[in-house]
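Student: Please take one helix of this model and go through it closely. I would also like to see how its charged side chains pair, and how that compares with pairs elsewhere.

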Amino acid sequence: MATAERAGRQPLDVAMDFIRRINSQDVNAICELMTPGHIFQDALGKRFIGREAMRQGWAAYFKIVADYQIHAEEFFQTGERMAIFGSASGAYAGDGSAAKEKFWEVPAAWRAVVRDGLIAEWCVYADNQPLRKLMGERVP
C-alpha cells in the first residue's frame with residue numbers, strides 16, 4: 001500500500017486491520033502495519049521498541065500461545081488514539097502438550113496510537129494470570 005493511501009486510512013480501520021493480522025498470526029503482515037519505531041507494551045508494563053524487535057516477539061509468542069485471538073467488541077477514538085475493549089484467548093503450547101487442554105480467555109483492553117496509517121503504539125491491558133498459571137508460574 002502506498003504511503004499516501006495508507007496515511008489516509010481512518011484509525012479505526014487501521015486498528016481493525018492490525019487485529020485481523022494478529023489473529024491470522026502472520027508476523028510479517030503484522031510488522032508491515034507498524035511504524036519503524038513501534039512501541040509495544042505488554043500487560044505487565046514491559047515495553048519493547050522497534051518493528052524488528054516485535055517481529056521476533058510476535059514469532060516467539062505465537063509459538064508459546066497457539067490460536068491467540070483478539071475479540072474486539074467496543075472501540076473509542078480520540079484523534080489518532082484508540083481504546084479497544086473485548087477479550088483475548090489462546091492455548092498455552094509452549095510445553096509441547098495438547099494445546100486445547102491449556103485454553104484460556106480473559107477480558108482485555110488495548111490502546112493503539114495510529115500515525116500515518118500505521119500502528120505507532122500498541123498497549124495491552126489484561127490479567128494474564130491464567131496463562132502464567134498454565135506456564136507453571138506461581139507469582140500473581
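Tutor: What follows looks at helix H4 and then at the salt bridges.

The model is predicted, so local features need pLDDT of at least 70 and side-chain atom pairs count only at pLDDT 80 or more, while totals for chains, interfaces and linings use all residues. Residues are numbered from 1 along each chain as its sequence is written, and side-chain values use heavy atoms, with hydrogens and water left out.

Helices (H or I, at least four residues) and strands (E, at least two) are DSSP runs, numbered from the N terminus. H4 covers residues 51-64. It has 14 residues and spans 20 Å from its first C-alpha to its last, close to the 20 Å expected at 1.5 Å a residue; the expected span is 1.5 Å times one less than the number of residues.

Next, burial. A residue is buried under 20% relative accessible area, exposed over 50%, and partly exposed in between (1.4 Å probe, protein chains only). In H4, the buried residues are Met54, Trp58 and Phe62. Seen down the helix axis, these residues fall within an arc of 65°, so they line one face of H4; the arc is that of the directions from the helix axis to the C-beta atoms. An α-helix has 3.6 residues a turn, so residues three or four places apart point the same way. Gln56 and Lys63, on the other side of H4, are exposed. The cover over the buried residues of H4 includes helices H2 (11-24) and H3 (27-32), along with strands E1 (34-41), E2 (47-49) and E3; contact here means heavy atoms within 4.5 Å.

Now the charged pairs. A salt bridge is a side-chain nitrogen of Lys or Arg within 4 Å of a carboxyl oxygen of Asp or Glu. The structure holds 6 of them. In H4, arginine 55 and glutamate 52 form one, at 2.8 Å from N to O. These two are 3 residues apart in the helix, which means about one helical turn separates them. Arginine 55 is partly exposed at 25% relative accessibility, and glutamate 52 is partly exposed at 46%.

Elsewhere, glutamate 80 pairs with arginine 115, their closest N and O atoms being 3.7 Å apart. Glutamate 80 lies in the loop between strands E3 (65-78) and E4 (81-92), and arginine 115 in strand E5 (residues 103-115), so this salt bridge ties together parts 35 residues apart in sequence. Another salt bridge joins arginine 9 and aspartate 17 at 3.3 Å, N to O, and both of these residues are buried.
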